[in-house]
Amino acid sequence: MLTNTAFEPAGQEYVTIKGIKNGLVFKLADDVQFDAVLGALTAKLGNGSSPFSSGAKVTVYVDYGSRELTPEIQDAVEKVFLAVGEIQVKLYQESEEEEPQASHKLLPKPPYVYKGTIRSGQLIEHDGDVVIIGNVNPGAHIVASGDIYVFGRLRGYVHAGASGNVRAIVAAAYFEPMQVRIATVIRRSPEAYSHPAEMEFAHLEGDQMAVEKMSLLQNFQNLLMTDKAVI
Amino acid sequence: MGEAIVVTSGKGGVGKTTSTANIGTALALLGKKVCLVDTDIGLRNLDVVMGLDNRIIFDIVDIATGNCRIEQALIKDKRFDQLYMIAAAQTKDKLALSTSAMQAIVHKLKMDFDYVLIDCPAGIEHGFRVAITGADQAIVVTTPEQAAVRDADRVIGLLEAEKIPPAKLIINRIRPHMVKNGEMLDIDDIISVLSLDLLGIVPDDEQVIKNANHGEPTVVKPDSKASQAYRNIARRIIGDPVPLMNLQEQSGFFKRMKKMMGLG
């Protein structure tokens, strides 16, 4: 818990701490004497509220606000941190804060579920898995960063793992796509291809694409699991 | 208040204008008051198919620009009491007709007519968007060819995006013997791709071409198969349940023809 110290007048904090994705930001007030700020920082790191008691190596970002930066000031601040533990001190920049939002995109998103026919000229683009409950007609496009599942006839263009995920799959109840792409591998449906009356899925084996019965999806996923374990 | 129906296809040359002319005439024969509207500005030919090309004084762009009133641009078909048409402009550009002007025209026509049939230009650009505004229903015409079906699919998607109720499908120029031999797309295949209600199937019939060249809709002559097909479509539009023409029956018809020729 951050509380005011003797060095800070009530109602005004010289040092405020904020968490960002990469670590902590120490915002130092820029409208008071630097010595007072340094004192407040020392006090804050010294008391029980210090976040560095674990002894792990951490990085902190220091936001000097509009204060004119001199090597002396930076040295002084760095010394205060080094006195507490093995801490890397970096200058805070606005871009550090934007990053947590960008990284948010990497989190798995809920699948996009579409009910109905996707017709020629229509495009479904989604960052994540896409589920179509209906037909995907010739000339329709689906682009997904994750897997694509079609509960109907797949006869359009599909691109799974569009952002490079080679483990993405394309599955369809009636698998007859014009073209399948997984990550960067492109295949078109063979001209004469007899369709079994069961759901199929396409996946990558190295840089080759394979189409198999849905019942083998389990094996494929187990394979992935062992892959992961090796890595 | 009547109903505005747009006849569209995406691909050109599949029989939009022929279908508009024949369905309109068939509806008029059933006693409905019908107005045909040609929106293919710059490439009008509904007037030619109807045989009314020498009677155009004002066209749809004249109405839109205020050059004339709607009544002045209505061309009455002398053969039928209840059949009128509005021609497209031939010397103007597609952009001469705006969606708002079209909407106003269709709205006014619906006050006076039971059915307003709008003949849509090929393509999906401005002309298409103008033609479909104000339509309460859409008829999509396709032929049993991959290219036509693909374009029809695209158009259906665009109609859905415009919140026009699910279109009805007409499959035109079916050659039963080619379908039977698997050389032409099967009707069931087409419906499974387009997933629309089938309004009718029209067999390929040379009579249609002959009649169109004489400026006479095929339905006027009741003897041909295509004529019968268009009459059935018109009856389905007014809510009369008519069974679909049976392809099997037709192949039987063709067989009989062959037999007759063989005997003769």
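This report walks through a predicted model with two chains, A and B.

## Meet chain A

Let's begin with chain A, which has 231 residues. Its secondary structure is made up of four helices and 15 strands. Buried residues account for 28% of the chain.

How do the contacts of chain A spread along its sequence? Among contacts with a separation of 6 or more, 32% join residues that are 24 or more positions apart.

## Meet chain B

Chain B has 264 residues, and 49% of them count as buried. Here you will find 12 helices and eight strands.

The contacts of chain B can be described in the same way. Of those with a separation of 6 or more, 77% link residues 24 or more positions apart.

## Inside the cores

The largest nonpolar core holds 82 residues. Which of its members touch the most others? They are B:Cys35, B:Ile60, B:Met85, B:Val116, B:Leu117, B:Ile118 and B:Val140.

B:Ile118 is a good place to start looking in the structure. Leaving aside residues up to four places away in sequence, B:Ile118 touches B:Ala4, B:Ile5, B:Val6 and B:Val7, along with B:Val37, B:Thr39, B:Ala131 and B:Ala135.

There is also a second core, separate from the largest one, with 26 residues. Among its members are A:Ala144, A:Tyr157, A:Ala172 and A:Phe201.

## A pair of helices in chain B

Now for a pair of packed helices. In general, such a pair is described by the angle between the two axes and the distance between them. Helix 7 of chain B covers residues 146-161, and helix 9 of chain B covers residues 187-194. Their axes lie 10 Å apart, and the helices pack at an angle of about 30 degrees. Angles under 35 degrees count as roughly parallel, so helix 7 of chain B and helix 9 of chain B are roughly parallel to each other. Their crossing is right-handed.

Which residues make this contact? Helix 7 of chain B contributes B:Val149, B:Ala152, B:Asp153 and B:Ile156, while helix 9 of chain B brings B:Ile190, B:Val193 and B:Leu194. Six residues of this contact are nonpolar, one is charged and none is polar.

## Where the chains meet

Finally, look at the place where the two chains touch. Nine residues of chain A are in contact with seven residues of chain B. What kinds of residues does chain A have on the side that touches chain B? Seven are polar, one is nonpolar and one is charged.

Notes:
Residues numbered from 1 in each chain as written. Chains lettered and ligands numbered in written order. Predicted model: local features only at pLDDT ≥ 70, side-chain atom pairs only at ≥ 80, totals over all residues. Nonpolar A, V, L, I, M, F, W, Y, C, P; charged D, E, K, R; others polar. Axes fitted to C-alpha atoms, helices over the stretch in contact; angles between N-to-C directions. Helix = DSSP H or I, 4+ residues; strand = E, 2+ residues; numbered from the N terminus. Parallel < 35°, antiparallel > 145°, perpendicular 65-115°, else oblique. Left-handed = near helix turned anticlockwise from the far one by under 90°. Buried ≥ 20, exposed ≤ 12 C-beta atoms within 10 Å, placed from the backbone. Core = buried A, V, L, I, M, F, W, Y, C linked by C-beta atoms within 7 Å.
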